[in-house]
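Q: Hey, can you walk me through this protein? I'm still new to this.

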Amino acid sequence: MSPTRRGARLARLLTTAHLGEWGIPSEPAAQIVAEPAANAVVHGRVPGRDFRLDLAVDGGGALLRIEVSYARGDRLPSLPAGAAVPDGDAESGRGLLIVEALADRWGVSPGPLPRKTVRAELDLVP
């Protein structure tokens with residue numbers, strides 16, 4: 001997808017549409033997709049490079065895996081455990097905190113160069 005605001009919005013809308021077709025609740029997943037897609041636009045944008053969204057249901061329908069891959073593997077985000085919480089009036093800096101709050105598991109994988117992948121998993125069966 002194009003690393004633009006429109007591309008980030010399309011990633012969220014496609015997530016909602018696909019999960020709806022699959023009969024999976026989409027709200028937490030759409031919010032999770034929105035954060036790394038926005039990061040791809042703001043922090044990972046490289047001319048001529050798009051970002052990629054992958055959605056997969058694994059484990060017999062028990063697990064939703066979300067992956068957003070984009071350029072700038074040299075700029076790995078600070079994981080929330082080591083990141084400072086932004087000031088109350090800050091306009092950014094909470095995206096990965098949202099991912100951490102909504103996902104059952106998540107992380108960042110570098111490479112293959114020059115990209116990185118933000119992945120998140122949601123358990124679909126309690």
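A: Sure, let's go through the core, one helix and one residue.
A: This is a predicted model, where local features need pLDDT of at least 70, side-chain atom pairs count only at pLDDT 80 or more, and totals for chains, interfaces and linings use all residues. Residues are numbered from 1 along each chain as its sequence is written, and side-chain values use heavy atoms, leaving out hydrogens and water.

Q: Ok, how many residues are in the largest nonpolar core?
A: It has 25 residues. A nonpolar core is a set of buried (under 20% relative accessible area, 1.4 Å probe, protein chains only) Ala, Val, Leu, Ile, Met, Phe, Trp, Tyr and Cys residues joined through side-chain atoms within 4.5 Å. Among those with the most contacts inside it are Ile-32 and Trp-106.

Q: Which helix gives the largest share?
A: H2, with 6 residues. Helices are DSSP runs of H or I, at least four residues, and strands are runs of E, at least two, numbered from the N terminus.

Q: And what does Ile-32 touch?
A: Skipping residues up to four places away in sequence, Ile-32 has contacts (heavy atoms within 4.5 Å) that include Ile-66, Val-99 and Leu-122.

Q: Switching to H3: which of its residues are buried?
A: Gly-95, Leu-96 and Val-99. Seen down the axis, they fall within an arc of 90 degrees (using directions from the helix axis to the C-beta atoms), so they line one face of H3. They pack against helix H2, strand E3 and strand E4.

Q: Last one: is Glu-121 buried or exposed?
A: Buried, at 18% relative accessible area. Glu-121 sits in strand E4, and its side chain makes a 3.1 Å polar contact with that of Arg-65. A polar contact is a pair of N or O atoms within 3.5 Å; within protein, one must be able to donate a hydrogen and the other to accept it, and residues adjacent in sequence count only if both atoms are side-chain atoms.

Definitions and conventions. Buried < 20%, exposed > 50% of the residue type's maximum accessible area, 1.4 Å probe, protein only.
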